[in-house]
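Visitor: I am new to this structure. Please pick one part and take me through it closely, along with whatever surrounds it.

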Amino acid sequence: MYQRILVAVDGSAPSDRALREALRLAGDQGAALRAVHVVDFGVLLASWSDAALLDIERLEDSLRESGAAILEAARSSVEDASVPLETVLLETDAGDPARAILDEAQRWGADLIVMGTHGRRGLTHLLLGSVAEGVVHASWLPILLLRGADRRRTAF
Ligand code: AMP
């Protein structure tokens, strides 16, 4: 049924779970699997940031490096699986990672988007809000959302 499954990863527990589920689905369906991570430079342009005090180039490089590390971790976490995982690092300065994910889904011809319900917290999230919500509101594609592991089950 699905031929191209796009999974959005940010290194969080729900995103890891989304990756595993996407991998399982891709295996079942014989679909191609692509993991994307969006490096969002919009966070550097937030209104309270005094650009004059920031070394923007260095910050951009470090955002790129951490994005690449997230994709590398995703790749190595599934390297034993039979489904090959393609990874794509996307960049935006629009402060809208959801739009970047949807644009990539359209470019690649994805027929399903898989993602976590929650992602990384902290500064980016505070400034930019929920990526999952943005994708759900604007997507014309089916979306599979995964919560992170249920802590109540692992507490013992
Ligand atoms: P959020 O709604 O921001 O809490 O994030 C929910 C999910 O969106 C995460 O579990 C990931 O699947 C995905 N996601 C969040 N940020 C990014 C990002 N920068 N690049 C790719 N996927 C992301």
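Guide: Here is a close look at one helix, α3, and then at its surroundings.

This is a predicted model, in which local features need pLDDT of at least 70, side-chain atom pairs count only at pLDDT 80 or more, and totals for chains, interfaces and linings use all residues. Residues are numbered from 1 along each chain as its sequence is written, and side-chain values use heavy atoms, with hydrogens and water left out.

Start with the helix itself. α3 covers residues 97-108, twelve residues in all. From its first C-alpha to its last it reaches 16 Å, close to the 16 Å expected at 1.5 Å a residue. That expected span is 1.5 Å times one less than the number of residues. Helices here are DSSP runs (H or I, at least four residues), strands are E runs of at least two, and both are numbered from the N terminus. Just after α3 comes glycine 109, with a positive phi of about 80 degrees.

Next, what is hidden? In α3, the buried residues are Pro97, Ala98, Ala100, Ile101, Leu102, Glu104, Ala105 and Trp108. Buried means under 20% relative accessible area, exposed over 50%, and partly exposed in between (1.4 Å probe, protein chains only). Their cover includes β1 (4-8), β2 (32-40), β3 (85-92), β4 (112-116) and α5 (131-138).

Take α5 from that list. The axes of α3 and α5 come within 8 Å and cross at roughly 50 degrees. That makes α3 oblique to α5. Angles under 35 degrees count as roughly parallel, over 145 as roughly antiparallel, 65 to 115 as roughly perpendicular, and the rest as oblique. Axes are lines fitted to C-alpha atoms, for helices over the stretch in contact, with angles from 0 to 180 degrees between N-to-C directions. On the α3 side, Pro97, Ala98, Arg99, Ile101 and Leu102 make the contact. On the α5 side, Val131, Gly134, Val135 and Ala138 make it. Contact means heavy atoms within 4.5 Å.

Now the strands. Five of them form an open sheet, in the order β3-β2-β1-β4-β5, with parallel pairing. β3 and β5 (143-146) are the edge strands, and each pairs on one side only. From one strand to the next, the twist averages 25 degrees. Two strands pair if DSSP finds at least two bridges between them.

Look at β4. Five of its five residues are buried. Leu112, Val114 and Gly116 lie on one side, with Ile113 and Met115 on the other. Three bridges pair β4 with β1 in the parallel sense, and leucine 112 of β4 stands opposite isoleucine 5. Four bridges join β4 to β5, also running parallel. There, isoleucine 113 has isoleucine 143 of β5 as its bridge partner.

Two helices lie across these strands. α5 lies across β4 and β5, at about 155 degrees to β4. Helix α2 (residues 56-77) lies across β2 and β3, at about 160 degrees to β3.
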